[in-house]
Amino acid sequence: MNGAVSESRGPTVANVRTSVFVIPTDAPESDGTLEWDRTTLVVVEISAGAVRGLGYTYANSATAAVVRDSLEPLVVGQDVFAIPALAARMVQGVRNLGRAGIASMAISAVDAALWDTKARLLDLPLVTLLGQVRPSVPAYGSGGFTSYTPARLVEQLGDWAKEGLAFVKMKVGRDPGADPERVRAARQAIGATTQLFVDANGAYDRKQALAFAESFAEEDVRWFEEPVSSDDLEGLRLLRDRAPAAMAIAAGEYGYEPFYYRRMLDADAVDVLQADASRCGGVTGFMAAHALCDARGLPLSAHCAPALHLHLGCALSRVRHLEYFHDHQRIEDMLFEGAASPVGGVLTPDLGRPGLGLELKRQDAARYAV
């Protein structure tokens, strides 16, 4: 295959282990366009030298088959320090599978595991290896699912505000007629000083989204995520141009490769770009998205998977905040030793732990294995 990695200068990848875990949610969850009651976690572990690093993604179990059948043969025996070359090799290796979707999530998990392994071999936290620019990164509480009762909605968001999170986010769009009252209730629960974000997951059409932007502004909503489909770049640009000045339009969580982000930024479609290292090519892909934002002077926000993004958020200057997503933070607390919790509204990496600072709790995870 073309794109072979050059002769090894560092430890080589000895083996790749892939595991799949299906974890029920603590209650039914839904947003503007999707419903779910379980989440699948795919964990990739890479051994090199005397260490084993890990990466992960939230994706279908078929992702594990892509890792085992298509990616593992490309990285085993290769220099674990040559991560850019291995990332390019994996992208080329999935050409006939399709770059986006499951293939990209598989690459993301392997890439994150490679970076974690490299940092562990050097006995460094990942943020130190990448170059730390801040000691901690702001987090925003994210949940407020459309499946929640009004009582559960205000309890969750209100608790995050009491805990010191400066931003909280709720879902909208499943029942548009109920959204104004739900947003009012959320504002009352969190008080005047906590910023309120809303996420429609592309559920509205353009006219609806414009009307709701004005309505939500009455409750001082500062962030309107995916007011229309992320594929509707003209619609996003319309919202960005006409939404109230204090309201940021955000999108990008479904980006799988840099060209997706370039198109979105070239269209002037967002005030804040979102990227997800569990989808966009891992640490390598997230840094590519950051470079595009840096070139345009735009902020970047990390989508979901808070434990995966913590070190990146402290190493990359354009990262505004990361999403402390209820579903994922619950799983990461359950299954990973070393997952951080917000203190004073920020997440801080433990510099005494190498790599991502995570260890899989194998006994706890075994009950969810498939």
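Which residue in β13 does P138 stand opposite? The partner is V346. This is a predicted model, and that pairing is a good way into it.

P138 brings us to strand β4, residues 137-142. Three strands pair with β4, and they can be taken in turn. Strand β13, residues 346-347, pairs with β4 in the antiparallel sense, over 2 bridges. Strand β11, residues 319-325, pairs with β4 in the parallel sense, over 4 bridges. Here S142 stands opposite F325. Strand β5, residues 167-171, also pairs with β4 in the parallel sense, this time over 3 bridges. In that pairing, Y140 has F167 as its bridge partner. How many of the 6 residues of β4 are buried? The count is 5, so the strand is largely enclosed by the rest of the structure.

Step back to S136. This residue is found in the loop between α4 (126-130) and β4. S136 has 19% relative accessibility and therefore counts as buried, since the cut-off for buried is under 20%. Leaving out residues up to four places away in sequence, S136 touches C314, V346, L347 and T348. V346 is also the residue that P138 stands opposite.

Now turn to another sheet. It is open, and 3 strands form it in the order β1-β2-β3, with antiparallel pairing. β1 (13-30) and β3 (51-58) stand at the edges. Each has a single partner strand, so one side of each is left without a neighbour in the sheet. On average, neighbouring strands of this sheet are turned by 20° against each other, direction ignored. β1 pairs with strand β2, residues 35-48, over 13 bridges in the antiparallel sense. Follow E29 across to β2, and its bridge partner is W36. Helix α1, residues 62-75, packs on this sheet. The helix touches β1, β2 and β3. The direction of α1 makes about 160° with that of β1.

Next come two helices that cross. Helix α3 covers residues 102-121, and helix α10 covers residues 282-296. Their axes come within 5 Å and cross at roughly 95°. Angles of 65 to 115 degrees count as roughly perpendicular, and α3 and α10 are therefore roughly perpendicular to each other. Which residues make the contact? From α3 come S108, D111, A112 and W115. From α10 come G282, V283, T284 and M287. These residues divide into 4 nonpolar, 3 polar and 1 charged.

What about the interior? In soluble globular proteins, nonpolar side chains tend to be buried together. The largest nonpolar core here has 103 residues. Within this core, L41, Y56, F216, F224 and F286 touch the most other members. Helix α3 gives the most to the core, with 9 residues. F224 shows what such a position looks like. Not counting residues up to four places away in sequence, F224 touches V198, A200, Y204, A209, F212, A213, F216, M247, A248, I249 and A250. There is also a second, separate core of 7 residues. Its members include F167, W223, A248 and V272. F167 has appeared before, as the bridge partner of Y140.

E225 makes a contrast in residue type. This residue lies in strand β7. Is E225 buried or exposed? At 0% relative accessibility, E225 counts as buried. Leaving aside neighbours within four places in sequence, E225 is in contact with Y140, K169, V198, D199, A200, N201, A250, E253, Q274 and H303. The C-alpha atoms of E225 and L236 are separated by 9.7 Å, and the two residues are 11 apart along the chain.

One contact of E225 is N201, which deserves a look of its own. N201 is found in the loop between β6 (195-199) and α7 (206-217). N201 has a positive phi of about 50°, although it is not a glycine. At 8% relative accessibility, N201 counts as buried. D220 also has a positive phi, about 60°, and is not a glycine. D220 lies in the loop between α7 and β7 (221-225). Unlike N201, which is buried, D220 counts as partly exposed, at 30% relative accessibility.

Key: Residues numbered from 1 in each chain as written. Predicted model: local features only at pLDDT ≥ 70, side-chain atom pairs only at ≥ 80, totals over all residues. Heavy atoms only, no water. Pairing = 2+ DSSP bridges. Axes fitted to C-alpha atoms, helices over the stretch in contact; angles between N-to-C directions. Contact = heavy atoms within 4.5 Å. Parallel < 35°, antiparallel > 145°, perpendicular 65-115°, else oblique. Nonpolar A, V, L, I, M, F, W, Y, C, P; charged D, E, K, R; others polar. Buried < 20%, exposed > 50% of the residue type's maximum accessible area, 1.4 Å probe, protein only. Core = buried A, V, L, I, M, F, W, Y, C linked by side-chain atoms within 4.5 Å.
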